[in-house]
Amino acid sequence: MKNKIYKISIAASLFVGLAITGVSCNNENIEDVKYLGAFPTDNFFRNEQECFFALVGTYDGVRKYAAGFENMVTFFNAGSDDFYAGGGSGTDGVGIQGISNFQINPNTMPASYWRDYYQGISRANVLIEKIPQADMSDAVKNRFTAEAKTLRALYYFDLLRTFGNIPLILKEIKATDDYYNIPQVAPSAVYAQIEQDLLAAIPNLPSTVSGTERGRLTQGAAKALLGKVYLYENKKTEAAAQFQAVNGTPGGTSQYGYKLVSNFADLWVTDNKFTTESIFEVMHTNQGSSDWGFWGQGKDEGNSICIMTAPRGYSKLKPDAPDLISGWAFNPVTENLFNFMQGDPRLNASIMNIKSLKQQGKADYSSAYMDAGYFLNKYLPTISEKTTLPGAWELNFRKNYILMRLADTYLMEAEALNGSGARAQALLDAVRARVGLASVPVSLQAIKDERRRELIGEGHRFFDLVRWGDAPSVLAFKGFVSGKNEVMPIPYTELTGTILKQNPKY
């Protein structure tokens, strides 16, 4: 009976039978399907409809990036040099505060960053196992399997980047299995499985999707993910090849129809969903009736970055001030980033200078924890976006989160080319030319600087710094410890009663 209560935690992460719930759903995207409660898998997955329901549930995990208080974007933004945790005080969200000052420990690391992805993996594992027996065409079986494998690869990639040392589980975990004694494996073994899944999936994914299928995975998305995986493994030749297939001619239209949008600011307009620059986009809706009772539990469908990053106590005093909603003031921008962005055309689309508005008497707000008056503008919610539909309006913002976009893959390809050569120069030039900036000589440092400017607040900066080996120096002012903080501590509840071992120095 020892540690029985704690064992419930890891078990809950591994069983698909807890629930299969639909992804963000409205008339713009993949159909909303809910299957509530536990069910025996032997009596499900019988036909295309049931397998599709399960596939929709497997997609649920991608909302981890922007849904709920414990979302990936605001958490890892806080761990970068560009943002602080913010919020109401230094105790407002112990997890996000902990990564911001690198005092995070196994007790304060939110368990959802482990559980939610393993639940997605569990759903993918079951679906992959059950699809062969279903009554549907081989073409549909192949596509569903490819989507499930790509999602499994994505979830493992984020677990690997977050925790480093993780178990590799590739089959359905049943109640009779010894799920407390599943060992961790070498990161190289997880990377090998991710590669295997993506290479198997790519030929069976569609080149493009449209209409109600928007938001489902494509060949381009899987190749972009594979290129990113290779880059993190330092397999630069392989990474560059995948990115080149996705990117095509720099500045032009790729074989998958990807093209940089002409106006950078248009990327952050709520109604501009699935632009030509979007490679894989996480859907959010105001029609999910998300409410406080289940917020952050996998069933809410709004984008939580919006309310979290909005300034506290905001009020518009003059007509030419923006119509912002007052929020919770997480992820305030550092003075260093604001100064770094001076003279860059992307500044205003990326950062809202509310301090200046206050000084001009145009608006007012209540200063929150660690804020210098600068806020992440890409997700700031406006009055017009405040829903009147059922549910808590704070939790039902419908702005999508773009997980992978073309400017990102351009810069990753240029990095994979070691920041040298004509193609790397053309890729860097295309990103800069889109915002009216002149060419600068390509180099790894130029690419690093461009990624910082282009991708502000999109959740990439912390992982970039770790990948480059720059985190110990760049994040020293926050207390980053080399050999420790490159990965997060495994949550205490996931260790107790298992054979899992904690990461070094935690």
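Is Lys235 buried, partly exposed or exposed? Lys235 is partly exposed, with a relative accessible area of 29%. I will come back to its partner in a moment. Before that, a word on what we are looking at.

This is a predicted model. The protein chain has an average pLDDT of 92, and 92% of the residues score at least 70. Confidence varies by element: helix 14, residues 406-416, has the highest mean pLDDT, 99, and strand 2, residues 35-36, has the lowest, 35. Two stretches call for a remark. Over residues 1-12 the pLDDT stays under 50, and the model has 20 contacts for them beyond four places in sequence. Residues 15-38 also have a pLDDT below 50, with 84 contacts in the model beyond near neighbours in sequence.

Now the salt bridges. The count comes to 41. Lys235 is in one of them: its side chain meets that of Glu233, at 3.7 Å from N to O. Glu233 is partly exposed too, at 22% relative accessibility, because the cut-off for buried is under 20%.

Next, Glu147 and Arg143. Their closest N and O atoms are 3.6 Å apart, and the two form a salt bridge. Both sit in helix 6, four residues apart, so about one helical turn separates them. Glu147 has a relative accessible area of 0% and is buried. Arg143 is buried as well, at 16%.

A third pair is Glu415 with Arg467, where the closest N and O atoms are 2.7 Å apart. Glu415 is in helix 14 and Arg467 in helix 17, so this salt bridge ties together parts that are 52 residues apart in sequence. Glu415 counts as buried at 5% relative accessibility, and Arg467 counts as buried at 18%.

There is also a network of salt bridges. Its members include Glu277, Asp344, Arg346, Lys378 and Arg405. Arg432, Arg434 and Glu450 are also among them.

While we are at helix 17, which covers residues 461-468, note Asp464, which lies in it. Asp464 counts as buried, at 3% relative accessibility. Leaving out residues up to four places away in sequence, Asp464 touches Tyr232 and Arg451.

On to the aromatic rings. The structure holds 26 aromatic pairs. One of them is Trp114 with Tyr118, a tilted pair with 5.2 Å between centres and 50 degrees between planes. Why are these two about one helical turn apart? Because they are four residues apart in helix 5, residues 112-130. Trp114 is buried, with a relative accessible area of 1%, and Tyr118 is buried at 2%.

Compare that with Trp268 and Tyr379. Their ring centres are 6.2 Å apart and their planes are at 65 degrees, so the pair is edge-to-face. Trp268 is in the loop between helix 9 and strand 5, and Tyr379 is in the loop between strand 9 and strand 10, so the pair ties together parts that are 111 residues apart in sequence. Both residues are buried.

One aromatic cluster is made up of Phe75, Phe76, Phe102, Tyr113, Phe462, Phe463 and Phe480. Tyr113 has a further partner: Lys64 lies over its face, at 4.4 Å from the ring centre. A second charge over a ring is found at Phe340, where the charged end of Arg452 sits 4.5 Å from the ring centre.

Two members of that cluster come up again at Thr162. Where is Thr162 found? It is in helix 6, residues 138-163. Thr162 is buried, with a relative accessible area of 2%. Not counting residues up to four places away in sequence, Thr162 touches Phe76 and Phe463, along with Met72, Met109, Val487 and Met488. By contrast, Tyr365 is 34 Å from Thr162, C-alpha to C-alpha, and 203 residues away in sequence.

Last, two backbone items. Met370 is not a glycine, yet it has a positive phi of about 65 degrees. Met370 is in the loop between strand 8 and strand 9, and it is partly exposed, with a relative accessible area of 38%. Lys505, also a residue other than glycine, has a positive phi near 70 degrees. Lys505 lies in the segment after helix 19. With a relative accessible area of 56%, Lys505 is exposed, because exposed means over 50%.

Technical notes. Residues are numbered from 1 along each chain as its sequence is written. This is a predicted model: local features need pLDDT of at least 70, side-chain atom pairs count only at pLDDT 80 or more; totals for chains, interfaces and linings use all residues. Side-chain values use heavy atoms; hydrogens and water are left out. Buried means under 20% relative accessible area, exposed over 50%, partly exposed in between (1.4 Å probe, protein chains only). Contact means heavy atoms within 4.5 Å. Rings of Phe, Tyr and Trp (its six-membered ring) pair if their centres lie within 6.5 Å; planes under 30 degrees apart count as stacked, over 60 as edge-to-face and the rest as tilted. A charge sits over a ring if NZ of Lys or CZ of Arg is within 6 Å of the ring centre and within 35 degrees of the ring normal. pLDDT is the predictor's confidence in each residue, from 0 to 100. A salt bridge is a side-chain nitrogen of Lys or Arg within 4 Å of a carboxyl oxygen of Asp or Glu.
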